[in-house]
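Hi,

Here is the structure I promised to pass on. Have a look first, and my notes follow underneath.

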Amino acid sequence: MAADDVITVENLSKEFVLGVRLKRVRAVVNASFTIKRGEIFGFVGPNGAGKTTTIRTLMGLIRPSSGRCTILGHPVPSRAARLQVGFLPEAPYFYDYLSARELLELCGRLFGMDPATRTRRANQLLAKVGLGEAADRPMRKYSKGMLQRAGLAQALINDPEVIVLDEPMSGLDPIGRKEVRDLISELAAAGKTVFFSTHILPDVEAICDRVAIISLGKVHDVGPVGTLLQARILGTDVVLDVPEERDHAALVPPGGKARRVGREVAFVLPPEVDVDAWLRSLEGVRVRQVSPRKESLEDLYVRVTHREGRA
Amino acid sequence: MIGSLGRMWAIAVNTFREAIRNKVLYGIGVMALVLIVVAVAIGNMSLHEEARVARDVSVAGVSFFGMITAVYLGVSMLYNEMQKKTIHTILAKPIERHEFVLGKYVGMAITLTILTVLFALALIGQLKFQQAELTPAIVKAIVLSYCEVLVVAAVAVFFSSFSSPFLSGIFTVLIWLIGRWTDELSDAAARASIRAFRVICAVALRLVPDMHLFSLSGGELDGKHVSVHGSFVTWGYVAQSAAYAVTWIMVLLLLAALIFRRRDFV
């Protein structure tokens with residue numbers, strides 16, 4: 001284990017035995033990855049891929065069938081590991097009879113914080129997540145967004161070195177999502193390590209240093225987003241100005257597609273098409289836009305999940 | 001050690017807070033108080049035995065409602081944490097699972113203590129109203145009843161560490177009933193001709209806490225009739241029964257903690 005490894009997951013597998021027929025379900029299969037100090041690490045995968053099982057195992061809520069995890073060098077599960085971590089569960093549901101302030105008070109006590117520190121830290125965090133006004137209201141009266149904010153506040157009560165967030169943007173409106181993204185970036189700027197799962201890919205592309213893609217319990221393609229994406233051109237998008245009386249379907253090269261909106265026709269061309277030659281062959285049209293299409297994180301995600309689905 | 005106690009206490013305080021903000025508990029409390037008032041009315045219908053009847057009904061009521069509350073809290077408090085997934089937030093904090101189980105139990109015990117004290121105060125008020133004396137026998141009966149309630153809560157916590165509230169409730173009530181009928185069960189086993197029945201009874205009697213020890217009024221102890229209206233048990237007996245209750249509570253909570261330690265919280 002390198003000195004700057006904050007989270008290590010080594011050959012982690014988890015198999016659940018379900019129902020009276022003792023059906024075995026493999027939720028995570030030999031997952032391995034490492035998260036470095038100060039990184040924002042995205043954990044991406046479709047629903048049921050094994051993201052939450054991996055995260056809950058890391059938090060000591062689920063016992064692995066095999067493999068091991070460490071947090072800051074401490075084995076999981078252990079108190080020493082949890083002392084350094086802040087955790088936001090998926091779709092958090094807190095004690096609805098408590099106010100956000102009381103929740104933070106409770107969490108602070110579990111970290112052994114003294115009363116003055118608990119109060120100071122709770123006030124700071126409630127203001128930071130925008131719950132200052134609603135801090136003393138029972139959480140049963142909170143909206144989903146407010147609950148998510150309360151969840152983020154409790155995850156930060158101990159000023160953790162490592163922050164683990166399970167689907168932190170889920171259920172939030174665009175402003176809420178931006179606020180969470182900003183908060184994650186702010187935490188990373190302060191030297192914290194952030195590990196979060198999501199299936200909202202633009203958020204991952206916007207803020208993550210590295211990602212791991214998980215599908216059907218297997219982790220694929222761990223690395224910086226830029227290096228994971230294939231460098232080759234996946235095709236070309238061309239927009240032409242084509243007189244309305246002219247049949248645009250006749251212009252489409254083999255394997256391509258076209259869609260007309262008024263005078264403009266958008267062509268989606270496969271990579272085999274020689275775009276220069278094709279454009280030279282056209283007469284009576286004007287070129288509006290030519291954009292080579294490279295692989296996006298979404299394409300990579302679809303490629304990995306389809307490949308795994310077929311396997 | 002101090003840190004561990006602090007974490008358990010944090011869970012206990014939160015459990016107590018949950019209980020006192022729970023409307024169901026107020027319902028049970030109100031029903032118990034209504035019973036004490038009804039006990040006076042029933043007493044007034046008897047011939048010159050007003051205080052005696054009212055005392056009997058009230059003491060039985062304190063025991064019964066204490067048991068209902070213990071079962072309700074025991075089976076719901078731990079299960080709710082898992083079902084509502086609040087446990088994910090808590091167990092991700094630096095608290096050990098056994099500290100969590102013990103904290104939950106201590107919180108329930110605080111709630112049950114306060115409820116028993118309130119019931120007892122209502123009973124004292126009723127006795128004052130009827131100008132009857134608060135005898136040491138009544139205090140001993142309430143203390144024994146309180147011990148029983150704490151054992152029932154531990155039984156409920158044990159079952160809810162691995163089963164649903166419905167099943168936990170049924171199992172707990174079953175254990176309570178068997179525990180209350182230990183004498184009858186021993187007699188039945190002694191008289192039974194079927195060997196399997198005798199074995200089942202013998203096993204049940206060993207595996208189930210003897211709740212009969214906590215509810216002796218009107219029954220016999222060492223061949224002598226005991227009653228809160230006359231000759232009752234000694235304080236030494238109460239202390240022994242309390243020690244018996246503490247032993248059972250410790251065993252049940254230890255088992256609950258061991259089961260809880262191995263659980264996955266998905």
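**What I found**

Let's start with chain B, which has 10 helices and 2 strands. Bear in mind that this is a predicted model. If you follow the sequence of chain B, the order reads α-α-α-α-α-α-α-α-α-β-β-α, with the two strands coming just before the final helix.

How does the radius of gyration of chain B sit with that of a compact globule? For 266 residues a compact globule would come out near 18 Å, and chain B has 20 Å, so the two agree. Along its principal axes, the C-alpha atoms of chain B fill a box of roughly 60 × 50 × 35 Å. As for burial, 43% of the 266 residues of chain B count as buried. I also looked at contacts in chain B between residues at least 6 apart in sequence: 80% of these join residues at least 24 apart.

Now to chain A. The domain assignment splits it into domain 1 (37-60 + 71-227) and domain 2 (233-294). Domain 1 is thus written as two stretches of sequence. Taken over C-alpha atoms, the centres of the two domains of chain A are 46 Å apart.

Finally, the place where the chains meet. Chain A puts 23 residues into the contact and chain B puts in 22. On the chain A side, the elements giving two or more residues are helix H2 (79-83) and helix H3 (100-110). H3(A) gives the most, with 4 residues. By type, the chain A side divides into 15 nonpolar, 3 polar and 5 charged residues.

Cheers

Key: Residues are numbered from 1 along each chain as its sequence is written. Chains are lettered from A and ligands numbered from 1 in the order in which they are written. This is a predicted model: local features need pLDDT of at least 70, side-chain atom pairs count only at pLDDT 80 or more; totals for chains, interfaces and linings use all residues. The radius of gyration is taken over C-alpha atoms; the globule rule is 2.2 Å times the number of residues to the power 0.38. A residue is buried if 20 or more other C-beta atoms lie within 10 Å of its own, exposed if 12 or fewer, and partly exposed in between; C-beta atoms are placed from the backbone. Two residues are in contact if their C-beta atoms, placed from the backbone, lie within 7 Å. Domain bounds come from an automatic or database domain assignment. Ala, Val, Leu, Ile, Met, Phe, Trp, Tyr, Cys and Pro count as nonpolar, Asp, Glu, Lys and Arg as charged, and the others, Gly among them, as polar.
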